[in-house]
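Subject: Structure for you to look at

Hello,

I am handing over the structure we spoke about, with notes on what was found in it. Please read them with the model open beside you.

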Amino acid sequence: MRQRIFDIQRFSIHDGPGIRTTVFMKGCPLRCLWCSNPESISPEPQLSYTEQRCIACGACFPACKPEALKVGREGKAHLEWPRCNQRLECVPTCDARALEAVGREVTTEEIMAVVLRDRDYYEASGGGMTLSGGDPLFNPGFCEALLCEARAHGIHACVETSGYGEWASIEPLVPLVDLWLYDFKETDPKKHYEFTGVSNGVILDNLKKLHAAGARILLRCPMIPGHNARDDHLDGIAAIAAELPHLIGVELLPYFDLWRGKLRRFGLTPRLPDSVKPPDRGTMDAWNAYLRRRGVKLAGMDAGAAASDPKP
Amino acid sequence: MRKGRAGIACATFPRPGGMTRRTFLALAGVAPAARLFAGKSPAPSVPAISALRADILRSGLSIGLHRAEVFTRIFRDNVDQPWIVRKGLALQEYLKTVPLYLREGDGIAGSISERPGAMPVMVELGIGENNIYTGERPDRKGHLKGQVPEGIRAFWMNENMWGRYRTEICGLPPYKSPDEVPESLAYKFISNQGHLCPSYSRLLRVGLEGLMRDVARRIEGEANPDKVAFLTAAGRCLAGVSTWAARYGEFLASEAARCTDAARASELREMSRIASKVATSPPGTFREALQLVWFVHQAIHIEGQGYSCTPDRLDQLLFPFYEADVSAGRLDDATVVRLAENLVLKMYDNSVWGPEHHLTQGFVMGGSTPDGRDHTNRLSWLFVEGATNLSLPEPLIWIRWHPNIDQKFFDFCLTRLLRSTCFPMMWNDRAIPDALMGLGIAREDAFNYVPVGCNELAIPSQWYYNPGANANYLASIEAAMTSGKGYRGQWKWKGIAPAAGELRSFEAFSGAVAAYVRRSIEQSYGNEMKTLQAQMRWGVTPLTSCFFEGCVEKGRDMTAGTKYNYLSCGGIAFANAVDCLGAVRDVVYERKEATLEELAAACAANFKGHERLRAQLLAAPKHGNDDPRLDDVIRMVEAMRDRPVKEICRDPRDGSHFGNSHVVRSGAVKQGLVTPATPDGRLAGTPLASSMAASVGSEYSGPTAVLNSVCKTDSAKSWQCGYQVNIRFHKGMIADDAQRQKLRTMLNVYFGRGGQELQINVVDTAMLRAAQKDPAAYSDLVVRVAGFSEFFVRLTPEIQEDIIARMEHM
């Protein structure tokens, strides 16, 4: 089975317990304003252009049928994004890897070959594999196949998801996933629609079903100033946590704006205004304290570890 | 979802994919350790130590001539005596007459010269700057000029080890004027053998008196004139050290009498008592033992500069004294930490040419017994604590990891990285003893190993590291591509391998490289054996020999042979060599993008006009990324050196085989400056790989991939004498308990799988700010960010700011 991914990252230490390898899949049903990996949204491969890498060899110009690539300063390629047809015919001509395709098709075997390279580190640290994206649930069949392989090799598996999918396709994953890193972005359904392009009904439904099915879940809530960073949303989080007693915990994630700079590589424009800034540590502490006062169990990224003590 | 935290960095240097929630955390790279100290504020345990540290750092660069004058006079007055006797007489006379001093706040007596900050010149070895030093500090080139009087230089120009090596061994015509002597000489011609570790355990048992008695007993009835000469010299040296210590006893008493500060006066009186006592008697307390070790260790440096000299295993050696003192209520841990700090400062102060240059001294803590028990003791903790309080680039601090290491101690050591930025460095008892036993070293000796120098290995009193050949990989690759001529037609190598045009397969090409590597080993072996002859005749060290097993018993200097005589074949730029071969296979033989001749032309032109070809070379698989496509190349590059070394190289003294090592530190930057562009895509003049794990800036798959790549090498068969692996992390990785636990776990796995060595460099914001202000001083600072690496100073200001901003969030 094949799937388009846009990266495999080893020594991931913030995407679940222990030392992990994270597989980033292409394709996401949500359109979050603050999306940090906007190149992951489309399931199709897309062009990335990094001008700094261009060595001004000129090899790409003839390959670009719509003439989106033009001679720019210092002879480097200048890319007029609106003209780009995303057929990626320029990519093979670029030895300098200034023009690259985001997204490559891989098989579960190819992914596992990389994942298994760090198996000793997972075993010693209580780590494993994390499926991320995009949203892994965008292609549940592939997830299932990959998770089956991980299980067969005894690799701890996390799935990081928005939870937006059909329960019928999520349910088969339940016995294969050791820990769900389940995003919850907004309590108010209307605002959820405004921020992400979808309502949160399905997401909350699936969360409850997962909980009822005995899944181990860490609820992760991004805090975006001026958007969902509101007391009523924190109250909403607390209410869910109260309703779902077996949650491993809740983790608030501060908004980071360092993704902005990469948009240009994909010819994209930011949808979140510049005025939205990351919260400082004090603000984060206050939000965490707010939840704690409401009886919410807070958990860090190492929650849900299979083995918490490293073996010598 | 929150994967965007690493955004900006990737905006400039994308890799094919995306980024995780906080990919930015892991930073790995290579840079000389010393670079990392700028801007660090030290935190010694007491103000006196802070003052001493400041005093030492303030000392400028100056030359002390007392040693040069005494040695010249004694050697001139005793021409009829054997060389070694002249050396012993001269050292004794020096120690009898050198003016004494003690820095304010110093609690350990004994200095390298007659004046604070002044460095002696080892005239009987060679008068010259250390070419490693001037390679690192070109601005300091010529600083010795005019410092040594003409008369002394004229006396020695054909008379010292360098002069005699030239005329008597190389058959070169004598110098006519001292000005003909080169300004810079290799370390082997201005120092003793270097990379060694004396053993002080017998010294501590029987004292100087006991050692002198050993020599006196041994010389009785000895008829062999060579042995008599050695023993005479050894006796003179020991007597000199004893006199020197006794003189300190008197000097410190008079200092105490003059001192107006009651507390300091009392300490000086105690120091005076200790010096007088250990001048002859064995020590009875921790402080007495430490002082005696320092007297001898310092005298060993005076005898022969002591390049890369490790003072035995101090935590093991001094523990009985510590235990006895503590149970008698004479000593507390705070005092031990202070003395450890003091010792570290003494070692730093000892560096020839002062704080700018380092002798690569260091000491090692912990380790396992041959049967796997943990040797870590309370002193191991206290020494690591004291040493890392100081934030100095030298001495180096090492620990020995083993499967049963106290994980609390290991964690403590990792936390100390925050203070020191790169210490302690780590060696692995699971790997090193096996490699040493493979050479033929007995198990109990192999488990007593110590690191020496940048990162070489030795065994106290039994084996010292001495490079006896060198595999020049990059020149060999250049030769193979140019039919033995070199890019500039600078070589005339003929008949070694087929011409470049005939190398029609990668196997033929790698075979040609191997043939040139073999030739480079043959040549360097020949040269190094000449140097060894010079060391054996004029580089003798009778004092140091008293602390090497069997020398006094056999009546011969350590240069004539120690218990084990395994010389080493070094090599630098292992990672570049792997990358070069991988790139040639990929670009020339598999994808046929260029011929070997075209590639050679591109390298010769430093890729000017060949940018596409360079991009293709850079895109080829790179060592350090756990890439299976290079697995066979790694073994191939190891074998290129191992086979000829096994066939060609033998120690001339006892026929021992050689070991292998990866020469590190200065070589990478200095050699890089004079190395043309290489087919891995590296530009001319840029640093070579100082880490054997990856070439500069090319590890883009994270630290586990780096460590896995290292574990693909065969450390027991190919790296018996050591290698170096650098890895870099942001301080957040160390400061955060949960992250540090992951780091420790990763290291446990790496060492458990047999990785020999690891050095962690810690990066923080202050350092990056300093690099922005002074890019030249940080030209080799590499940051690895979200899967790519780049020289920090080459990043655009915006990207630098983004990196700093991100680090602040960690």
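To begin with a single residue, B:Cys259 counts as partly exposed, because its relative accessibility is 23%. Please keep in mind throughout that this is a predicted model.

Cysteines

Since the notes open on a cysteine, here is the rest on that topic. The structure holds zero disulfides over all chains. A disulfide is a covalent bond between the sulfur atoms of two cysteines. Why does A:Cys90 have no such bond to A:Cys64? The sulfur of A:Cys64 is the closest cysteine sulfur to that of A:Cys90, but the two are 6.2 Å apart, which is too far for a bond. A:Cys90 itself counts as buried, because its relative accessibility is 8%.

Chain A as a whole

Chain A has eight helices and twelve strands. Its radius of gyration is 21 Å, close to the 20 Å that the globule rule gives for 312 residues, so chain A is as compact as a globular protein of that length. The C-alpha trace of chain A spans about 60 × 45 × 40 Å along its principal axes.

Of the 312 residues in chain A, 58% count as buried. If you take the contacts in chain A between residues at least 6 apart in sequence, 71% of them join residues at least 24 apart. The accessible surface of this chain comes to about 12,200 Å², and carbon and sulfur atoms account for 52% of that surface. Chain A carries 38 positive and 40 negative charges, and the mean positions of the two sets are 3 Å apart.

Backbone details in chain A

Two places in the backbone of chain A are worth a look. One is the cis peptide bond that joins A:Gly133 and A:Gly134, with omega at about 15°. A:Gly134 is in the loop between strand 8 (128–132) and helix 3 (140–152).

The other is A:Leu88, a residue other than glycine whose phi is positive, near 60°. A:Leu88 is in the loop that runs between strand 5 (77–79) and strand 6 (99–102) of chain A. At 18% relative accessibility A:Leu88 is under the 20% cut-off, so it counts as buried.

Chain B as a whole

Chain B has 32 helices and 16 strands. It has 810 residues, of which 66% count as buried. Among contacts in chain B with a separation of 6 or more, residues 24 or more positions apart account for 76%. Chain B exposes about 25,500 Å², with 51% of it supplied by carbon and sulfur atoms.

Helix 7 of chain B

Which residues of helix 7 (residues 161–169) of chain B are buried? They are B:Met161, B:Trp162, B:Gly163, B:Arg164, B:Tyr165 and B:Arg166. The buried residues of this helix pack against helix 4 (83–97), strand 4 and helix 19 (506–538) of the same chain. Just after helix 7, B:Gly171 takes a positive phi of about 70°.

Around helices 10 and 11 of chain B

B:Pro283 is in the loop between helix 10 (262–278) and helix 11 of chain B. At 9% relative accessibility, B:Pro283 counts as buried. In sequence B:Pro283 and B:Gly207 are 76 residues apart, yet their C-alpha atoms are 6.9 Å apart in space. Setting aside neighbours within four places in sequence, the contacts of B:Pro283 include B:Leu203, B:Leu204, B:Val278, B:Leu292 and B:Phe321.

B:Gln291 is in helix 11 (residues 286–304). Is this residue buried or exposed? B:Gln291 counts as buried, because its relative accessibility is 4%. Not counting residues up to four places away in sequence, B:Gln291 touches B:Gly107, B:Ile108, B:Ala109, B:Ile274 and B:Val278. B:Val278 is thus a contact of B:Gln291 and also of B:Pro283.

Backbone details in chain B

B:His195 is not a glycine, but it has a positive phi of about 50°. It is in the loop between strand 4 (184–185) and helix 8 (201–219) of chain B. B:His195 is buried, with a relative accessible area of 6%.

There is also a cis peptide bond between B:Phe423 and B:Pro424, where omega is about 0°. B:Pro424 lies in the loop between helix 15 (407–420) and strand 7 (425–428) of chain B.

Regards

Definitions and conventions:
Residues numbered from 1 in each chain as written. Chains lettered and ligands numbered in written order. Predicted model: local features only at pLDDT ≥ 70, side-chain atom pairs only at ≥ 80, totals over all residues. Heavy atoms only, no water. Helix = DSSP H or I, 4+ residues; strand = E, 2+ residues; numbered from the N terminus. Rg over C-alpha atoms; globule rule 2.2 N^0.38 Å. Buried < 20%, exposed > 50% of the residue type's maximum accessible area, 1.4 Å probe, protein only. Contact = heavy atoms within 4.5 Å. Areas by Shrake-Rupley, 256 points an atom, 1.4 Å probe, with all protein chains shown as cover. Lys, Arg positive; Asp, Glu negative; His and termini not counted. Charge placed at Lys NZ, Arg CZ, Asp CG, Glu CD. Disulfide = S-S within 2.5 Å.
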